[in-house]
Amino acid sequence: MAETKTSGIQAQEAYSISPDGENFPLPKKEEYAPEFKRIEKLAKRARADGKEIVVVMGVGFVGVVMAAIIADTVDKKGRASKFVIGCQRPSTRSYWKIPILNRGAAPVKAEDPEVYEIITRTVKDKKTFTATFASDALKLADYVVIDVQCDYLKNDLGNMRTGEADMAALEATMRTVGEKIPPRCLVLIETTVAPGTTEFVVWPILKRAFAERGIKSAPLLAHSFERVMPGREYVSSIRDFWRVCAGCNAEATRRVEKFLREVLNTKDFPLTVMDRPIESETTKIVENSYRATILAFLNEWSLFAERNGVDLIKVIKAIRMRPTHNNMIFPGPGIGGYCLPKDGGLGYWAYKHILGFEDGDHIFKITPTAIDTNDTRSLHVAELTRDALRNMGRYIAGAEVLICGASYRQDVGDTRYSGSEMVVRKLTEMGASMHVHDPYVEHWYELEIQDEYPSPGHSWSRFFRNQKDLTKLRVQKDLAGALKGVEAVIFAVPHEPYLKLDPDWVVKKAGKQIAVIDCFGILTDENIRRYFELGCEVKALGRGHVQRIKEAVRKKPRR
Ligand SMILES: NC(=O)c1ccc[n+]([C@@H]2O[C@H](COP(=O)([O-])OP(=O)(O)OC[C@H]3O[C@@H](n4cnc5c(N)ncnc54)[C@H](O)[C@@H]3O)[C@@H](O)[C@H]2O)c1
């Protein structure tokens, strides 16, 4: 995303480019002091108005919406009670978020219209939200909310045990925070962190910084993780949702509880206050590992179903009738999203590297297996595509293949760690020529700029051959056009527009009989039958009954 412009003999100027292609020159050294003056003036005015100052560090997927929710807070008399400064580091990759936000526009793409409304309202109308690159804003804070990332970097495909927590952004942020915040400021970590991070990594950083500044009191530090779900309920999933929190000492616990009760809807969604941050941190890791585990567990039954004439989609539907089992979900082509692939890894890593235990491999059996299973499940989709084409007398090498759905779940545009990416990479390695359609995704950065996404050196491209040209792959929006001439179609994500597609229309647009691969129970039995009647081949993850439908169609006397 970064670009460097040179004009004549002038010094090089670095730019940050927004997803819409707009260039924003990175701030120069001399711009920091006037920028801080601007922020200081706004904060002074807000304070005179009775508002508290909240600095949110990191205005990414979580931080920007949390910041807007805080900026939208009103007191008992209905008056705005917080002034929020969203502080974002001016990296080439992310700086553009600041000027975009200060126009009142959202730096994230959202299916929830409230995201755009709440940002415009707080930035433009209420003027309770501004964004800055000047971390000196921390000097003005009553509260600091930390929403920077903490990734789990995997070094091997299908072996999370060799990975490591990437604490660099978080630790750097915390050092800056320690150098600048007022002594009574409450620091709230929302980032999903390795258990123990708040008390044993961050608190010592802050204490050291306070000691160097001659501050006698203990830093006020707390943890409360996010459960945000980007999608149609994006804002609600932060504001109107159950929270868990804990402070490092009694004062921090009192302050974090008060703050969360003011800014979130804790009346309808009660707050759980825990004794220690490690308990709040562990809650997040366990709840996501639990989800990852029940999804991974279904992988073996999915294979069982494929090989024994069973439709796992119907099995799950039947099980879900029991209220005790009604949240069982089909795993699709791998488990993506930002959190489920990494959070168990943070726990496994913390046990050794923060908490100092050497027997991690002895006690952690299920969580690593679950993550490894989920990370590699999508490779099976490539096998099914190969087999379907083979049954039609075609080869995967050189085949034109369309994947429908690039995001990690239905009806969102978030592509982070999506199973579809792995499918595209594996089929590309096998020689297929890939095309992609997604109604919600504008740019598939994991492919388009794979040298930088998800971070330099950590693209999944490193696990496969022949990935270079994937930077040229563009997400298509016109399904009819995308289908033209393809030999195989993979329905990877149950986006709404894919659910009602008429097989006759699909085959007509493709212009020939095609291999159809259903990864998510998208096709009805009627549709599967129709594809067979049209001379197509169908394969599906976890749906062994497809074979039965095929045999029934083949046996039917031709009219
Ligand atoms: N996105 C989700 O669906 C989701 C859900 C639940 C929890 N979480 C957790 O929330 C946390 C944040 O996730 P996200 O999706 O918002 O990540 P993100 O990558 O979208 O945003 C992080 C932002 O922090 C900025 N940043 C990094 N270092 C900084 C610094 N020193 N100063 C200022 N800004 C800095 C980055 O540039 C980026 O804009 C993670 O721990 C994640 O696990 C995310």
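Student: In which hand does α14 pass α15, right-handed or left-handed?
Tutor: This is a predicted model, so the description concerns computed geometry. Helix α14 spans residues 379-391 and helix α15 spans residues 419-429, and their axes come within 8 Å. The crossing of α14 past α15 is right-handed.

Student: At roughly what angle do α14 and α15 cross, and what is the relation between the two helices called?
Tutor: The axes of α14 and α15 cross at roughly 50°. Angles under 35 degrees count as roughly parallel, and 65 to 115 as roughly perpendicular. The value for this pair belongs to neither class, and therefore α14 and α15 are termed oblique.

Student: Which residues of α14 and α15 meet, and how does their contact divide by class?
Tutor: From α14 come L379, V381, A382 and T385, and they meet M422, V423, K426 and L427 of α15. The residues of this contact divide into six nonpolar, one polar and one charged.

Student: How are α2 and α4 placed relative to each other, and what is the hand of their crossing?
Tutor: Helix α2 covers residues 63-71 and helix α4 covers residues 113-125; their axes come within 9 Å and cross at roughly 55°. The two helices are therefore oblique to each other. The hand of the crossing is left-handed.

Student: How many charged residues does the contact of α2 with α4 have?
Tutor: On the α2 side stand V65, A68, I69 and A71, which meet V115, I118, I119 and T122 in α4. By class, this contact has seven nonpolar residues and one polar residue, and the number of charged residues is none.

Student: Where is K127 found, and what is its phi?
Tutor: K127 lies in the loop between α4 and β6, the latter covering residues 129-132. K127 is a residue other than glycine, yet its phi is positive, with a value near 55°.

Student: Why are α9 and α11 described as oblique?
Tutor: Helix α9 (residues 277-307) and helix α11 (residues 343-353) have axes that come within 8 Å and cross at roughly 125°. Angles of 65 to 115 degrees count as roughly perpendicular, and those over 145 as roughly antiparallel. The crossing of this pair fits neither class, and therefore the name for it is oblique.

Student: What is the hand of the crossing of α9 and α11, and how many residues of their contact are polar?
Tutor: The crossing in which α9 passes α11 is left-handed. In α9, K284, I285, N288, S289 and A292 meet D343, G344, L346 and G347 of α11. Three of the residues in this contact are nonpolar and two are charged, while the number of polar residues is four.

Student: Which residue does a cis peptide bond join to P454?
Tutor: P454 has its place in the loop between α16 (445-448) and β16 (475-476). The omega of the cis bond is about -5°. The residue joined to P454 is Y453.

Student: How far apart do the C-alpha centres of domain 1 and domain 2 lie?
Tutor: The protein chain is divided into domain 1, residues 14-277, and domain 2, residues 377-555. Their C-alpha centres are separated by 38 Å.

Student: How many residues does each domain give to the contact, and how many on the side of domain 1 are charged?
Tutor: Domain 1 contributes ten residues and domain 2 contributes eleven residues. The side of domain 1 that touches domain 2 has four nonpolar residues and one polar residue, and the charged residues there number five.

Student: What is the average pLDDT of the protein chain, and which stretch is below 50?
Tutor: The chain averages a pLDDT of 95, and 97% of the residues score at least 70. One stretch has a pLDDT below 50, although the model gives it 19 contacts beyond near neighbours in sequence. That stretch is residues 1-11.

Notes. Residues are numbered from 1 along each chain as its sequence is written. This is a predicted model: local features need pLDDT of at least 70, side-chain atom pairs count only at pLDDT 80 or more; totals for chains, interfaces and linings use all residues. Domain bounds come from an automatic or database domain assignment. Two residues are in contact if their C-beta atoms, placed from the backbone, lie within 7 Å. Ala, Val, Leu, Ile, Met, Phe, Trp, Tyr, Cys and Pro count as nonpolar, Asp, Glu, Lys and Arg as charged, and the others, Gly among them, as polar. pLDDT is the predictor's confidence in each residue, from 0 to 100. Axes are lines fitted to C-alpha atoms, for helices over the stretch in contact, and angles run from 0 to 180 degrees between N-to-C directions. Helices (H or I, at least four residues) and strands (E, at least two) are DSSP runs, numbered from the N terminus. A crossing is left-handed if the near helix is turned anticlockwise from the far one by less than a right angle, and right-handed if clockwise.
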